[in-house]
Amino acid sequence: MRRIFMGETMRTIAKKACLGLALLALGAIAACGGGGGGGGGGGGGGGGNANLQAEIDQLFPFTPNQPIDVTFICGRANSQLTYYFDFNLDQTFNVYLTTDTGQDVTFSGTYTYAGGAIHMVALTNPVIALDETTTRIVAHMGMPGEIDTPNMRCGALGHGYNDVATDTFKSYGCPIINVQAVSYEENALEFVHSAISYAFPVRGSMFRQRDFWVNTNPSAIIRRGYGIYRRVGNTFYADFGNQFNDYNLLKGTFANADMQVSVEQLEPGRGPCNRR
């Protein structure tokens with residue numbers, strides 16, 4: 001049975017969040033899909049990533065009912081606007097949005113996370129009298145990666161759980177892979193992008209662009225996605241929800257003082273991705 005929220009289905013709200021992420025572009029894991037039930041791990045997608053998902057879940061176990069350090073991109077019912085909710089460990093959050101007239105608006109609120117639900121309150125602000133409680137939380141990478149309220153659907157866009165010393169902007173171009181008789185693939189990766197409207201670095205964020213070239217076509221088939229990543233030493237793990245039709249979970253290794261990164265799913269035998 002379809003669930004109706006303020007005249008819209010949650011599918012419609014999710015599409016809005018995906019659109020915002022895609023234009024920015026998102027991998028907001030949650031809004032565009034993602035796996036799992038109420039508390040399990042997400043991600044997965046194509047490419048047979050069950051073993052990698054199990055490794056991620058073991059490395060980053062999810063413990064609910066604790067303060068969170070996660071930035072979400074959200075779509076709300078009956079609204080075309082994109083909302084960014086930035087949750088802090090002191091149980092406050094900040095909201096960033098740009099109105100349809102181009103005005104940047106920010107406001108703050110407080111939250112609690114107890115009984116398996118996040119309750120958000122921000123009653124005094126120029127946009128919405130916010131007093132909402134989550135009805136669904138899905139964990140990704142050991143944190144809430146997808147959250148729903150009756151009027152909102154959100155996906156994690158970044159977080160503060162990586163070492164701040166290494167969680168900085170990096171951009172890489174990768175070697176040509178998946179070479180066939182008439183086609184091939186190129187990839188580009190970014191860590192800690194500044195893709196939201198306010199252009200501040202989104203810690204824990206990751207962007208991937210996959211270009212698929214066919215020799216008879218002058219233009220590539222391009223797929224973009226924004227997700228989250230976690231780093232342990234020189235190893236990283238990334239989760240893109242369900243945005244890609246090949247791999248939505250990635251594992252890789254930084255080398256040469258982060259000037260290079262190799263990704264297990266992107267034919268590392270052809271060489272590392274080089275910083276640019």
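**Figure 1. Contacts across the protein chain of the predicted model.** Of the contacts in the protein chain with a separation of 6 or more, 53% are made by residues 24 or more positions apart. The chain contains two helices and 19 strands, and buried residues make up 50% of its 276 residues. The protein chain exposes about 12,000 Å², of which carbon and sulfur atoms supply 51%.

**Figure 2. Close-up of Ser205 in strand E14.** Strand E14 spans residues 205-214 and includes Ser205, which counts as buried because its relative accessibility is 0%. The side chain of Ser205 reaches the backbone oxygen of Val202, at 2.5 Å. When neighbours within four places in sequence are left aside, Ser205 is in contact with Leu157 and Gly158, with Glu190, Phe191, Val192 and His193, and with Gly227 and Tyr229.

**Figure 3. Close-up of Ala195 in the loop between strands E13 and E14.** The loop that holds Ala195 lies between strand E13, which covers residues 183-191, and strand E14. Ala195 has a relative accessibility of 17%, and because buried means under 20%, Ala195 counts as buried. Ala195 and Phe207 are separated by twelve residues in sequence, and their C-alpha atoms are 9.4 Å apart in space.

**Figure 4. Close-up of the aromatic pair formed by Phe240 and Phe244.** The count of aromatic pairs comes to 16. Among them is the pair of Phe240 and Phe244, whose ring centres are 5.5 Å apart and whose planes stand at 85 degrees to one another, an edge-to-face arrangement. Phe240 counts as buried because its relative accessibility is 0%, and Phe244, at 4% relative accessibility, likewise counts as buried. Phe244 also has a charged neighbour, since Arg208 lies over the face of the Phe244 ring at 4.5 Å from the ring centre.

**Figure 5. Close-up of the aromatic cluster that includes Phe72 and Tyr111.** Ring pairs link five residues here, namely Phe72, Phe85, Phe87, Phe93 and Tyr111, into a cluster.

**Figure 6. Close-up of Arg231 over the face of Phe254.** In this view Arg231 lies over the face of the Phe254 ring, at 4.0 Å from the ring centre.

Terms used:
Residues are numbered from 1 along each chain as its sequence is written. This is a predicted model: local features need pLDDT of at least 70, side-chain atom pairs count only at pLDDT 80 or more; totals for chains, interfaces and linings use all residues. Side-chain values use heavy atoms; hydrogens and water are left out. Helices (H or I, at least four residues) and strands (E, at least two) are DSSP runs, numbered from the N terminus. Buried means under 20% relative accessible area, exposed over 50%, partly exposed in between (1.4 Å probe, protein chains only). A polar contact is a pair of N or O atoms within 3.5 Å; within protein, one must be able to donate a hydrogen and the other to accept it, and residues adjacent in sequence count only if both atoms are side-chain atoms. Contact means heavy atoms within 4.5 Å. Rings of Phe, Tyr and Trp (its six-membered ring) pair if their centres lie within 6.5 Å; planes under 30 degrees apart count as stacked, over 60 as edge-to-face and the rest as tilted. A charge sits over a ring if NZ of Lys or CZ of Arg is within 6 Å of the ring centre and within 35 degrees of the ring normal. Accessible areas come from the Shrake-Rupley method with a 1.4 Å probe; for residues, only the protein chains shown count as cover.
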